[in-house]
Amino acid sequence: QVQLVESGGGLVQAGGSLRLSCAASGRTFYTYGMGWFRQAPGKEREFVAAISWSSGTYYTDSVKGRFTISRDNAKSTVYLQMNSLKTGDTAVYYCAAGLKAWYSGSYDYNSQQEYDYWGQGTQVTVSS
């Protein structure tokens, strides 16, 4: 069982930056593919960014060039650096961890079904 705890959300003006962190429990963090998803009010949860166990990175088109995902296996933590924030980035951001790719060699990074564990979410609000 893996527990995920997000932090770093808050209120920021458009054009500003935030860094989200997701700390994971357990000793096998390095084997997990890690993803960030978000859910805006009245909308379905959507993929934002992911990083594989081998540190390959993936982004949805709307955040490319603005967001950067990274991981620190020694700290069992994944980060999402968010720059040039827009009002459309306002959402609850969720961290997720999945082990399937470690065994299968195939990482369906933008599918919620790829991930076995989810955090409780952290609110990001971008004001105009």
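Which hand does the link of Cys22 and Cys95 have, left or right? With -80° about the S-S bond, this link is left-handed. The model discussed here is predicted. An open sheet of four strands runs through the briefing, in the order S1-S3-S8-S7. Nonpolar cores, one disulfide and a cluster of aromatic rings follow.

**The disulfide**

- The structure holds one disulfide.
- Cys22 and Cys95 form this bond, with an S to S distance of 2.1 Å.
- A disulfide is a covalent bond between the sulfur atoms of two cysteines.
- Cys22 belongs to strand S3 and Cys95 to strand S9, so the pair ties together parts that are 73 residues apart in sequence.
- Are the two cysteines buried or exposed? Cys22 counts as buried because its relative accessibility is 0%. Cys95 also has 0% relative accessibility and therefore counts as buried.

**The four-stranded sheet**

- Pairing in the open S1-S3-S8-S7 sheet is antiparallel.
- S1 and strand S7 (67–72) stand at the edges with a single partner strand each, so one side of each has no neighbour in the sheet.
- On average, neighbouring strands of this sheet are turned by 15° against each other, direction ignored.
- Strand S1 (residues 4–7) pairs with S3 over four antiparallel bridges. Across this pairing, Glu6 stands opposite Cys22 in S3.
- S3 also pairs with strand S8 (residues 77–82), in the antiparallel sense and over six bridges. Here Ser21 has Tyr79 of S8 as its bridge partner.
- S7 and S8 run antiparallel and are joined by six bridges. Ser70 stands opposite Tyr79 in S8.
- Tyr79 thus appears in two of these contacts, with Ser21 and with Ser70.
- Why is strand S3 (residues 18–24) described as largely enclosed by the rest of the structure? Five of its seven residues are buried, so the description follows.

**Nonpolar cores**

- In soluble globular proteins, nonpolar side chains tend to be buried together.
- The largest nonpolar core has 28 residues. Leu4, Met34, Trp36, Val78, Leu80, Met82 and Tyr93 touch the most other members.
- Several strands each supply at least two residues of this core, among them S3, S7, S8 and strand S9 (91–98). Strand S4 (33–39), strand S5 (46–51) and strand S11 (122–127) do so too.
- A second, separate core has seven residues, including Phe37, Ala50, Ala101 and Tyr115.

**Aromatic rings**

- A pair of aromatic rings is described by the distance of the centres and the angle of the planes.
- The structure holds twelve aromatic pairs.
- Phe37 and Phe47 have ring centres 5.7 Å apart and planes at 75°, so this pair is edge-to-face.
- Phe37 is in strand S4 and Phe47 in strand S5, so the pair ties together parts that are ten residues apart in sequence. Both Phe37 and Phe47 are buried.
- Phe47 also pairs with Tyr109 in a tilted arrangement, at 5.5 Å centre to centre and 55° between the planes.
- This second pair links distant parts of the chain, 62 residues apart. Phe47 lies in strand S5, while Tyr109 lies in the loop between helix H1 (100–104) and strand S10 (117–118).
- Is each partner buried or partly exposed? Phe47 has 10% relative accessibility and so counts as buried. Tyr109 is partly exposed, at a relative accessible area of 26%.
- Ring pairs join Phe37, Phe47, Tyr58, Tyr107, Tyr109, Tyr115 and Trp118 into a cluster.

**Charges over rings**

- Arg45 places its charged end over the ring of Tyr94, 5.0 Å from the ring's centre.
- Arg71 lies over the face of Phe29, and the distance to the ring centre is 4.6 Å.

**Positive phi outside glycine**

- Most residues other than glycine have a negative phi, and most peptide bonds are trans.
- Ser55 has a positive phi, near 75°. Ser55 is found in the loop between S5 and strand S6 (57–59). Its relative accessible area is 43%, so Ser55 is partly exposed.
- Ser84 has a positive phi as well, near 50°. Ser84 is in the loop between S8 and S9. At 42% relative accessibility, Ser84 is partly exposed.

How values were computed. Residues are numbered from 1 along each chain as its sequence is written. This is a predicted model: local features need pLDDT of at least 70, side-chain atom pairs count only at pLDDT 80 or more; totals for chains, interfaces and linings use all residues. Side-chain values use heavy atoms; hydrogens and water are left out. Buried means under 20% relative accessible area, exposed over 50%, partly exposed in between (1.4 Å probe, protein chains only). Two strands pair if DSSP finds at least two bridges between them. Axes are lines fitted to C-alpha atoms, for helices over the stretch in contact, and angles run from 0 to 180 degrees between N-to-C directions. A nonpolar core is a set of buried Ala, Val, Leu, Ile, Met, Phe, Trp, Tyr and Cys residues joined through side-chain atoms within 4.5 Å. A disulfide is a pair of cysteine sulfur atoms within 2.5 Å. Rings of Phe, Tyr and Trp (its six-membered ring) pair if their centres lie within 6.5 Å; planes under 30 degrees apart count as stacked, over 60 as edge-to-face and the rest as tilted. A charge sits over a ring if NZ of Lys or CZ of Arg is within 6 Å of the ring centre and within 35 degrees of the ring normal.
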